[in-house]
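Got the viewer open? Here is a short tour of the chain, stop by stop, with something to select at each one.

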Amino acid sequence: MIRHDFEETVPHVEYALSETGLELLVRMVPLWTWIVENADSFRAARAAFDRTHGTDKT
């Protein structure tokens, strides 16, 4: 993350991703897409585990 402070009386600060941050973001998007697409199955697996192991809180 790159921070630029304009040193004004009323604070004015801008943030931008560095090249490394942008590279990380590009690599993370497929992972986040996969997580969102599979969220329902994660929840179902967690519920099944909780029922099997007696940890169901519902």
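Start with helix H1, which supplies three residues, the largest share of a nonpolar patch. To see the whole patch, select Met1, Val13, Tyr15, Leu17, Leu22, Leu25 and Val29, which sit on the surface and together offer about 670 Å² of accessible area. Colour H1 (19-37) and strand E2 (13-16) while you're there, since these are the elements that each give two or more residues to the patch. Keep in mind that this is a predicted model.

Now zoom in on one patch member, leucine 17. Where does leucine 17 lie? Look in the loop between E2 and H1. Its side of the story is simple: leucine 17 has a relative accessible area of 39%, so it counts as partly exposed.

**Zoom out: the whole chain**

Switch to cartoon and trace the chain from its start. You should pass two strands and two helices, in the order β-β-α-α. How spread out is the chain, set against a compact globule? The radius of gyration is 21 Å, well over the 10 Å that the globule rule gives for 58 residues, so the chain is more spread out than a compact globule. Turn the C-alpha trace along its principal axes and you'll find spans of about 60 × 25 × 15 Å.

Next, put a surface on it. About 5,500 Å² is exposed, and carbon and sulfur atoms supply 61% of that. As for the inside, 7% of the 58 residues count as buried.

**Charges and salt bridges**

Colour by charge. The chain carries 6 positive and 10 negative side chains, and the centres of these two sets lie 15 Å apart. Side chains of opposite charge can pair when their charged atoms come close. How many salt bridges does the structure hold? There are three salt bridges to visit.

- Select arginine 3 and aspartate 5. They form a salt bridge, with the closest N and O atoms 3.9 Å apart; the cut-off for calling it one is within 4 Å. Aspartate 5 is partly exposed, at 35% relative accessibility.
- Move on to glutamate 23 and arginine 27, whose side chains meet in a salt bridge at 3.2 Å, N to O. Both lie in helix H1, four residues apart, which is about one turn of the helix. Check the surface around the pair: glutamate 23 is partly exposed at 44% relative accessibility, whereas arginine 27 is exposed, with a relative accessible area of 59%.
- Finish the set with aspartate 40 and arginine 43, where the side chains meet in a salt bridge at 3.1 Å, N to O. This time you're in helix H2 (residues 39-52), and because the two residues are three apart there, about one helical turn separates them. Aspartate 40 counts as exposed, with 61% relative accessibility.

**Two distances to draw**

For the last stops, get out the distance tool. Select glutamate 8, which has its place in the loop between strand E1 (2-5) and E2. Is glutamate 8 buried, exposed or partly exposed? At 43% relative accessibility, glutamate 8 counts as partly exposed. Draw a line from its C-alpha atom to that of aspartate 40: the two residues are 32 apart along the chain, and their C-alpha atoms are separated by 48 Å.

Then go back to glutamate 23 in helix H1, the partner of arginine 27 in the salt bridge you saw earlier. Draw a second line, from glutamate 23 to glutamate 7. These two are 16 residues apart along the chain, with 29 Å between their C-alpha atoms. Leave both lines on screen with the whole trace in view, and you can set them beside its spans of about 60 × 25 × 15 Å.

Technical notes. Residues numbered from 1 in each chain as written. Predicted model: local features only at pLDDT ≥ 70, side-chain atom pairs only at ≥ 80, totals over all residues. Heavy atoms only, no water. Patch = residues over 30% accessible without salt bridge, like charges linked within 9 Å, V, L, I, M, F, W, Y side chains within 5 Å. Areas by Shrake-Rupley, 256 points an atom, 1.4 Å probe, with all protein chains shown as cover. Buried < 20%, exposed > 50% of the residue type's maximum accessible area, 1.4 Å probe, protein only. Rg over C-alpha atoms; globule rule 2.2 N^0.38 Å. Lys, Arg positive; Asp, Glu negative; His and termini not counted. Charge placed at Lys NZ, Arg CZ, Asp CG, Glu CD.
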